[in-house]
Amino acid sequence: MTKRALLEMSQVSAYYDQIQALQDISLEVNMGEIVTLVGSNGAGKSSTLKAICGQIKTSGTISFLGNDISKLPPHQTAKLGVAHVPEGRRIFPKLTVKENLEMGAFQLKSKKDIEQQMELVYQYFPRVKERLHQKGGTMSGGEQQMLAIGRALMSKPSILLLDEPSMGLAPIIVEQIFEIIQELNQTGMTILLVEQNAYQALSIAHRGYVIQTGKIILTDSAQNLLENKQVTEAYLA
Ligand SMILES: Nc1ncnc2c1ncn2[C@@H]1O[C@H](COP(=O)(O)OP(=O)(O)OP(=O)(O)O)[C@@H](O)[C@H]1O
Ligand SMILES: [Mg+2]
């Protein structure tokens with residue numbers, strides 16, 4: 001099977017004032033893959049996802065489905081099919097679960113499309129369906145993560161950018177979230193997963209990149225990275 005790059009970053013750099021957060025990042029995500037970006041605190045993982053969805057200014061090129069998206073703002077990258085689930089979930093605490101989901105569908109025009117996506121979210125997250133009228137902020141951490149992923153799915157995306165979905169969750173909930181990520185992928189969703197939890201992420205990914213102080217220092221199949229001494233010592237200890 002020939003690989004087709006859905007997302008391709010080439011020599012992408014980004015700064016926050018004088019501080020360089022990303023230095024010549026090049027990476028690609030092919031259709032149907034789970035690719036993970038692992039690295040420690042402050043390595044530039046979140047910044048990489050923000051660069052893709054247009055939340056920060058970058059130099060270099062970022063192509064998605066053949067379009068150069070490097071200068072597009074978030075609402076336009078979202079329209080093209082990029083869905084970002086940010087670090088810390090960022091659901092709307094005062095809105096109900098259903099309203100949170102509807103916010104994710106703001107690009108969809110037809111009511112039928114919205115209902116169809118809702119049904120899809122309910123299939124993956126029955127718990128979310130049970131809590132439609134509860135305020136988002138009163139959901140547990142795990143439920144909020146499910147809601148955040150569900151909200152992203154509402155936009156009918158072609159790629160999901162997941163920023164530390166396991167953060168702050170109990171191990172059993174982390175297992176569930178990772179299982180759902182795998183299921184989503186098995187039904188065709190392409191995923192770029194950012195994690196500090198390198199072991200879990202590499203266990204479900206096809207390929208991985210290791211980022212350190214804004215630079216990609218290593219890339220390989222997830223299996224090889226799991227067995228790589230440099231990786232095990234730095235991230236899997
Ligand atoms: N809004 C900001 N203003 C200034 N510097 C920032 C800002 N956001 C991030 N940085 C800096 O950019 C670098 C990369 O940060 P980033 O959030 O991408 O790291 P990360 O790999 O996601 O870390 P973590 O695992 O802690 O979430 C860090 O040095 C950070 O301090
Ligand atoms: Mg981060």
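## Working through the fold: exercises

Strands 1 and 2 make a hairpin with two residues between them, and Asp17 in that turn has a positive phi of about 50°. Keep in mind that this is a predicted model.

**Exercise 1. Work out how strand 1 and strand 2 pair, and which residues sit opposite each other.**

Solution.
- Step 1: find the two elements. Strand 1 covers residues 5-16 and strand 2 covers residues 19-30.
- Step 2: get the direction. The two pair in the antiparallel sense, over eight bridges.
- Step 3: check a pair of residues. Ala5 has Asn30 of strand 2 as its bridge partner.
- Step 4: check another pair. Tyr16 is bridged to Ile19 in strand 2.

**Exercise 2. Place this hairpin in its sheet, and find which helix packs on that sheet.**

Solution.
- Step 1: write down the strand order. This is an open sheet of four strands, ordered 2-1-4-5, and the pairing is antiparallel.
- Step 2: look for the edges. Strand 2 and strand 5 (67-68) are the edge strands, each pairing on one side only.
- Step 3: look for the helix. Helix 1 packs on the sheet and touches strand 1, strand 2 and strand 4 (59-64). The direction of helix 1 makes about 115° with that of strand 1.

**Exercise 3. Describe the six-strand sheet and the helices lying across its strands.**

Solution.
- Step 1: recall the background. Sheet strands pair through backbone hydrogen bonds, and they can do so parallel or antiparallel.
- Step 2: read off the order. The six strands form an open sheet, 6-7-8-3-9-10, with mixed pairing. Strand 6 and strand 10 (215-221) are at the edges, with pairing on one side only for each. On average, neighbouring strands here are turned by 15° against each other, direction ignored.
- Step 3: zoom in on one pair. Strand 3 (residues 34-38) and strand 8 (residues 190-195) run parallel and are joined by five bridges. Thr36 stands opposite Leu193 in strand 8.
- Step 4: add the helices. Helix 1 (residues 45-53) lies across strands 3, 6, 7, 8 and 9, at about 150° to strand 7. Helix 6 (residues 141-153) lies across strand 6 and strand 7, and runs at about 165° to strand 6.

**Exercise 4. Sort out who surrounds ligand 1 and how much of the ligand the protein covers.**

Solution.
- Step 1: list the neighbours. There are 13 residues around ligand 1, and Asn41, Gly42, Lys45, Ser46 and Ser47 come nearest.
- Step 2: go through the polar atoms. A backbone N or O atom of Gly44 is 2.9 Å from an oxygen atom of ligand 1. For the side chain of Ser46, the distance from an N or O atom to a ligand 1 oxygen atom is 2.8 Å. For the side chain of Ser47, it is 2.5 Å.
- Step 3: check the coverage. On its own, ligand 1 has 640 Å² of accessible area, and the protein covers 63% of that.

**Exercise 5. Decide whether Thr96 and Leu226 are buried or exposed, and name their contacts beyond four places in sequence.**

Solution.
- Step 1: locate them. Thr96 lies in the loop between strand 6 (82-85) and helix 3 (97-104), while Leu226 belongs to helix 9 (residues 222-227).
- Step 2: apply the cut-off, which is under 20% relative accessible area for buried. Thr96 is at 14%, so Thr96 counts as buried. Leu226 is at 18%, so Leu226 is buried too.
- Step 3: list the contacts. Thr96 touches Leu132, His133, Gln134, Lys135 and Gly136. Leu226 is in contact with Tyr199, Leu202, Ser203, Thr232 and Leu236.

Key
Residues are numbered from 1 along each chain as its sequence is written. Chains are lettered from A and ligands numbered from 1 in the order in which they are written. This is a predicted model: local features need pLDDT of at least 70, side-chain atom pairs count only at pLDDT 80 or more; totals for chains, interfaces and linings use all residues. Side-chain values use heavy atoms; hydrogens and water are left out. Buried means under 20% relative accessible area, exposed over 50%, partly exposed in between (1.4 Å probe, protein chains only). Contact means heavy atoms within 4.5 Å. Two strands pair if DSSP finds at least two bridges between them. A residue is near a molecule or strand if one of its heavy atoms lies within 4 Å of it. A polar contact is a pair of N or O atoms within 3.5 Å; within protein, one must be able to donate a hydrogen and the other to accept it, and residues adjacent in sequence count only if both atoms are side-chain atoms. Accessible areas come from the Shrake-Rupley method with a 1.4 Å probe; for residues, only the protein chains shown count as cover. Axes are lines fitted to C-alpha atoms, for helices over the stretch in contact, and angles run from 0 to 180 degrees between N-to-C directions.
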